[in-house]
Amino acid sequence: IQEAGAVRARADRRRSRSDFLAMEKERGISISSTCLTFELDNEVRINLLDTPGHADFSEDTYRTLFACDNAVMLIDGGKGLEAQTRKLFHVARRSSLPVFTFINKFDRPAMSPWKILDEIEFEFNIECCIRTFPLGDGDLFRALYNVDSDSVFIFEHENKKKGMRRSAIAEIPANNSMALIQAGISPKLVKTFEEDREMIIELTPRLDHEKLLQGTQTTVYFGSAMTDVGVAGFLNDFKKCGARPAPRRLLSHTETAIQEAKNIAFSAVVFKLQANLDPRHRDSMAYVRIVSGRFEKGMKAIHTRSGRTLTLAQASLLFGSAKDSIEYAYPGDIIGLPNPSNSLFQIGDAIAEKPDIEFEPIPAFSPECFAYLRPKNIGASQKAFRKGLDQLLSEGAVQRLFPKGGTDESGPLLAAVGQLQFDVVQDRLRNEYQIDTTLEPISFTIARWVMPDQSPTEAWEKLEAAKAQGVLAAVYILEDKWQRPVLLFRNEFTAARLEDDLQLKPWAQPPSIKKQQKK
């Protein structure tokens, strides 16, 4: 927290380094996944991927989890499980990630720890292994029980005027109630703790590393991140128990085809694109997860979807919007690579020393919101509008659909998973390109791609045959940027009726450039 900044920063605190977009600072929420890279005890490099919690940005979260080896579920002690937390946990479960749970903000009035633990076990059907446990909450929260050492750490403010950081001033054996009272813990709180400790020892499961890695057990920590209580215990456990860089499954006819992290040949996957990371430059950055081998600055690698050989002359370690040049990177590292001006990199692309590396597709969501976007001022620069929109579209947060073989006389038609994504596009066009825009929604809620695994020519022939039969009434026919047919529907019934005949799918991956060139 001290390094990355506070999301809702007070005047004497730095702004959050992970929430660097203007809209994030204004609303105090994360709307885009970011990477924070730092060293822990000069032993372990941690790449922390901060994901947005809002449902409208769930696709960005899915993509980010593709690059992760572990997940940290952060729970507000005063609120318990929230809707976003539930969704993200299920995503992590489907991704087979070990989950570490930190129950935060116990320096404020909080729910009963046991009630929160019951919620987690009941909702997620997972064992909770308690690693640390609070004595009290709010103003009474001055001590934390460590299960491993069976001792209680007493904390006090290092700077009482600012009330920011607390440090441990004593470690007391947990069975020494008198010493706890003498250290300032109220007799009533000590009595409650004696009962809590007995329940933890007798009734809760011990740490099982295999279960943790398999996702059937989660380790649970209580504390206050802002005042640095409980964070050290969590980080020490994470350093010892967290999953190391895992292999990634390859797109192959055999289910066992994987790319091992220990493979000597370099390979990496693009999981996110970000435009204007540096607002002073109109840049585009690809977030790349190293899967195997070693990255060396200046090395040559193949963009396997196009077959193009690239010289990776510039690479950065990322810390929010800041970046530092890096010479070497290893499996598990997240690095930033400049995206060529023609937006060569797409989400899910492989970059490797061998030309046949292709990873399984990163999950994508079907858009549910559609609207025309136009400059608000008639005299606005069309060049700036188009350039800004093209750069934001390259990130993949929203998509642009086109009339078949036609022009956008009504303005660009955008497709998004949620309405808030449109708000982000408008806000960034206003702040980064000084273009005010208006949105005109249309009354369609479902998008389906026609035969996305086949060539556009084959898909259009199939669609034209269906159109001649008169089965496409009340369906809006469009195409994506790769000229593949996309159908918009107003209800699930019509989409389901045509699903089998037209081989409809809710999303499509970028086509292989090599296959197109061969044809």
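Arg197 counts as buried, at 19% relative accessibility, just inside the cut-off of under 20%. This is a predicted model, so keep that in mind for every value below. The partner of Arg197 is Asp150, and the closest N and O atoms of this salt bridge are 2.9 Å apart. Asp150 sits in the loop between strand 7 (143–146) and strand 8 (151–157), while Arg197 belongs to helix 6 (residues 187–203), so the salt bridge ties together parts that are 47 residues apart in sequence. Asp150 itself is partly exposed, with 27% relative accessibility.

**Other salt bridges**

In total, the structure holds 21 salt bridges. Side chains of opposite charge can pair when their charged atoms come close. Another example joins Lys105 and Asp76, with 3.4 Å from N to O. That pair links distant parts of the chain: Lys105 is in the loop between strand 4 (99–104) and helix 4 (113–124), Asp76 is in strand 3 (residues 71–76), and the two are 29 residues apart. Lys105 counts as partly exposed at 29% relative accessibility, whereas Asp76 counts as buried at 15%.

Then there is Lys505 with Asp453, where the closest N and O atoms are 2.7 Å apart. Lys505 lies in strand 30 (residues 504–505) and Asp453 in the loop between strand 27 (446–450) and helix 11, so this pair ties together parts that are 52 residues apart in sequence. Lys505 is partly exposed at 36% relative accessibility, and Asp453 is exposed, with a relative accessible area of 60%. Elsewhere, Glu39, Arg45 and Asp333 are joined into one network by salt bridges that share partners.

Here are the three pairs side by side:

| Pair | N to O distance |
|---|---|
| Asp150 and Arg197 | 2.9 Å |
| Lys105 and Asp76 | 3.4 Å |
| Lys505 and Asp453 | 2.7 Å |

**A sheet with two helices on it**

Now to an open sheet of 4 strands, which has the order 24-25-23-26 and antiparallel pairing. Strand 24 (399–401) and strand 26 stand at its edges, each with a single partner strand, so one side of each has no neighbour in the sheet. On average, neighbouring strands here are turned by 40° against each other, direction ignored. Strand 24 pairs with strand 25 (residues 413–416) in the antiparallel sense over 3 bridges, and Arg400 stands opposite Leu414 in strand 25.

Helix 9 packs on this sheet, touching strand 23 (369–375), strand 24, strand 25 and strand 26, and its direction makes about 150° with that of strand 23. Helix 10 packs on the sheet too, touching strand 23, strand 25 and strand 26, but its direction makes about 15° with that of strand 23.

What span should helix 9 (residues 382–394) have, given its 13 residues at 1.5 Å a residue? The expected value is 18 Å, and the end C-alpha atoms are 18 Å apart, which agrees. The rule behind that is 1.5 Å times one less than the number of residues. The buried residues of helix 9 are Phe385, Gly388, Leu389, Gln391, Leu392, Leu393 and Ser394. Just after helix 9 comes Gly396, which takes a positive phi of about 85°.

**Positive phi outside glycine**

Most residues other than glycine have a negative phi. Gln434 goes the other way, with phi near 55°. Gln434 is found in the loop between helix 10 (419–433) and strand 26 (437–441). Is Gln434 buried or exposed? It counts as exposed, because its relative accessibility is 60% and the cut-off is over 50%.

Ala474 is not a glycine either, yet it has a positive phi of about 65°. Ala474 has its place in the loop between helix 11 (456–468) and strand 28 (476–479). With 58% relative accessibility, Ala474 also counts as exposed.

**A covered strand**

Finally, strand 13 (residues 267–275) is mostly covered, with 9 of its 9 residues buried. Which strands does it pair with? One is strand 14 (residues 284–292), in the antiparallel sense over 8 bridges; there, Leu273 has Ala286 as its bridge partner. Another is strand 22 (residues 350–352), again in the antiparallel sense, over 3 bridges. In strand 22, Ile351 is the bridge partner of Ala268.

Technical notes
Residues are numbered from 1 along each chain as its sequence is written. This is a predicted model: local features need pLDDT of at least 70, side-chain atom pairs count only at pLDDT 80 or more; totals for chains, interfaces and linings use all residues. Side-chain values use heavy atoms; hydrogens and water are left out. Buried means under 20% relative accessible area, exposed over 50%, partly exposed in between (1.4 Å probe, protein chains only). Two strands pair if DSSP finds at least two bridges between them. A salt bridge is a side-chain nitrogen of Lys or Arg within 4 Å of a carboxyl oxygen of Asp or Glu. Axes are lines fitted to C-alpha atoms, for helices over the stretch in contact, and angles run from 0 to 180 degrees between N-to-C directions. Contact means heavy atoms within 4.5 Å.
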